[in-house]
Amino acid sequence: MTTQVQGVTFRYSHTIGRGEASGTGFSYPVAMARGHEDLMYVLNRSYESRPDSMRITICTVGEDYVGEFAKGSPARNEARYPDALVWPTSIALDRDGKVYVVDDWLHCVSIYSGDGETLNRWGTAGSGDGQLDGPSGIAFDAEDNVYLVDSGNNRIQKFTREGQFLAKWGRPGRGEGEFDLPWGIDIDTNGNVYVADWRNDRIQKFTAEGRFLMQVGSSGSGEGEFNRPTGVAVDHDGIIYVTDWGNDRLQVFDTDGRFIAKISGDAEVSKWGKMKLDANPDMWLARDIAQGLDREKLFWGPIAVEVDDQGRIYVVESARNRVQVYRKLDPFFAGKYDGGRL
């Protein structure tokens, strides 16, 4: 499907994923990060009853499986499994390709090499400078400083990669620079910080020092309105993408926060999904007689969004164990595109 609004064209490319406890699939994915050479790192939060399927899946944009690492803690037994994850919420890569994972149960950030070796873990619970309460989103600036959404403390904190506290801003409330359980975060090419203010149903934009610049959105289901936004991403042109979790859609805004478009989902069966169906022909037959499969293409609680330098947009859906991929096309290319993956 193609969506063209105000001179900007968005075209569906393909879907990545299927529900699996390990290997070629995801288990309640909540975030992803783009690596080098088309690699993707997908964070699987899984369920408390299945900590064995909690992991980071490495695959490519073309849905080639590479591997997985990091596991959950059985029965939240951190003492016996000191390197395990419990409630992972977000993931990001620094410029060296190290993988940073935020855990809102452990109130910490775990760091891995690009191929999964455990390197470090920092963070402690609390409300003081540098302490965390249920952290969620994570993003890096151009100097590789870490910006963390300290959700339970309703603030943003800035750290070095090694976990040294640098700065903070925010407090509970509904005014400018105030938060109510913020979640996602991203940083644009100018160093400005965008925060998905979840319970306030808005995106807030700040300078790198925390000075309020702009609010995007308000509560509701109309164009430009949100029902619990979770993720935010900004591309190199300053276009803003927001996963409108409660409204089951992705919304797009220009650099001034004006609504551009909404996308409701276009998913097809993924390559991994077709592999499983081909291996079980009865499943294809069951799909032939199933009712309501047209709903399968739609977003269901999209939770995170990422963009890359090739104009690709990745929308993570936990409930459907997949990532839908779109491409933003410039006007010249959009008129000449004739289908296929991008």
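**Entry 1: two helices**

I began with a pair of helices, and α1 and α2 turned out to be roughly perpendicular to each other. Angles of 65 to 115 degrees count as roughly perpendicular. The axes of α1 and α2 cross at roughly 105°, so the label follows. I also noted that these axes come within 4 Å. Helix α1 covers residues 271–279, and helix α2 covers residues 281–289.

Next I asked which residues of α1 meet α2. On the α1 side I listed Lys-274, Lys-276, Leu-277, Asp-278 and Ala-279. On the α2 side I listed Pro-281, Met-283, Trp-284 and Arg-287. I then sorted this contact by class: five residues are nonpolar, four are charged and none is polar.

**Entry 2: the whole chain**

I stepped back to the full model, which is predicted. How confident is the predictor in it, as mean pLDDT? The mean for the protein chain is 93. I also wrote down that 92% of the residues reach 70 or more. One stretch falls below 50, namely residues 332–339. I counted seven contacts for that stretch in the model, beyond near neighbours in sequence.

Then I looked at the secondary structure. The protein chain has three helices and 27 strands. Its radius of gyration is 19 Å, and the globule rule gives 20 Å for 342 residues. Those two values are close, so the chain is as compact as a globular protein of that length. The C-alpha atoms fill a box of roughly 55 × 50 × 35 Å along the principal axes.

How much of the chain is buried? I found that 56% of the 342 residues are. I also checked how far apart in sequence the contacting residues are. Taking contacts between residues at least 6 apart, 47% join residues at least 24 apart.

**Entry 3: Trp-169 and Phe-179**

I picked two aromatic residues in strands. Trp-169 is in strand β14, residues 165–169. Phe-179 is in strand β16, residues 178–179.

Is Trp-169 buried or exposed? The cut-off for buried is under 20% relative accessible area. Trp-169 has 10%, so it counts as buried. Phe-179 has a relative accessible area of 1%, so it is buried too.

I then looked up the partners of Trp-169, leaving aside neighbours within four places in sequence. Phe-179 is one of them. The list also includes Tyr-147, Arg-155, Ile-156, Val-193 and Phe-206. Thr-207, Ala-208, Glu-209 and Gly-210 are in contact with Trp-169 as well.

Two spacings went into the notebook. Trp-169 and Lys-158 are eleven residues apart along the chain, and their C-alpha atoms are separated by 9.0 Å. Phe-179 and Ile-156 are 23 residues apart along the chain, with 9.4 Å between their C-alpha atoms.

**Entry 4: the loop between β3 and β4**

I moved on to the loop between β3 and β4, where I looked at Gly-35 and Asp-38. Gly-35 has 16% relative accessibility, so it counts as buried. Asp-38 has a relative accessible area of 27%, so it is partly exposed.

What does Gly-35 touch, not counting residues up to four places away in sequence? I found Tyr-41 and Leu-93. For Asp-38, leaving aside neighbours within four places, I found Cys-59, Thr-60, Val-61, Gln-310 and Arg-312.

I wrote down one C-alpha distance for each. Gly-35 and Val-99 are 64 residues apart in sequence and 9.3 Å apart in space. Asp-38 and Ala-125 are 87 residues apart in sequence and 35 Å apart in space.

**Entry 5: positive phi**

Last, I checked backbone angles. Most residues other than glycine have a negative phi. Which value does Tyr-28 have? Its phi is near 50°, which is positive. Tyr-28 lies in the loop between β2 (8–16) and β3 (29–34). With a relative accessible area of 29%, Tyr-28 is partly exposed.

Arg-228 also went on my list, with a positive phi near 65°. Arg-228 lies in the loop between β20 (212–216) and β21 (229–234). Its relative accessible area is 23%, so Arg-228 is partly exposed.

Technical notes
Residues are numbered from 1 along each chain as its sequence is written. This is a predicted model: local features need pLDDT of at least 70, side-chain atom pairs count only at pLDDT 80 or more; totals for chains, interfaces and linings use all residues. Side-chain values use heavy atoms; hydrogens and water are left out. Axes are lines fitted to C-alpha atoms, for helices over the stretch in contact, and angles run from 0 to 180 degrees between N-to-C directions. Angles under 35 degrees count as roughly parallel, over 145 as roughly antiparallel, 65 to 115 as roughly perpendicular and the rest as oblique. Contact means heavy atoms within 4.5 Å. Ala, Val, Leu, Ile, Met, Phe, Trp, Tyr, Cys and Pro count as nonpolar, Asp, Glu, Lys and Arg as charged, and the others, Gly among them, as polar. Buried means under 20% relative accessible area, exposed over 50%, partly exposed in between (1.4 Å probe, protein chains only). pLDDT is the predictor's confidence in each residue, from 0 to 100. The radius of gyration is taken over C-alpha atoms; the globule rule is 2.2 Å times the number of residues to the power 0.38.
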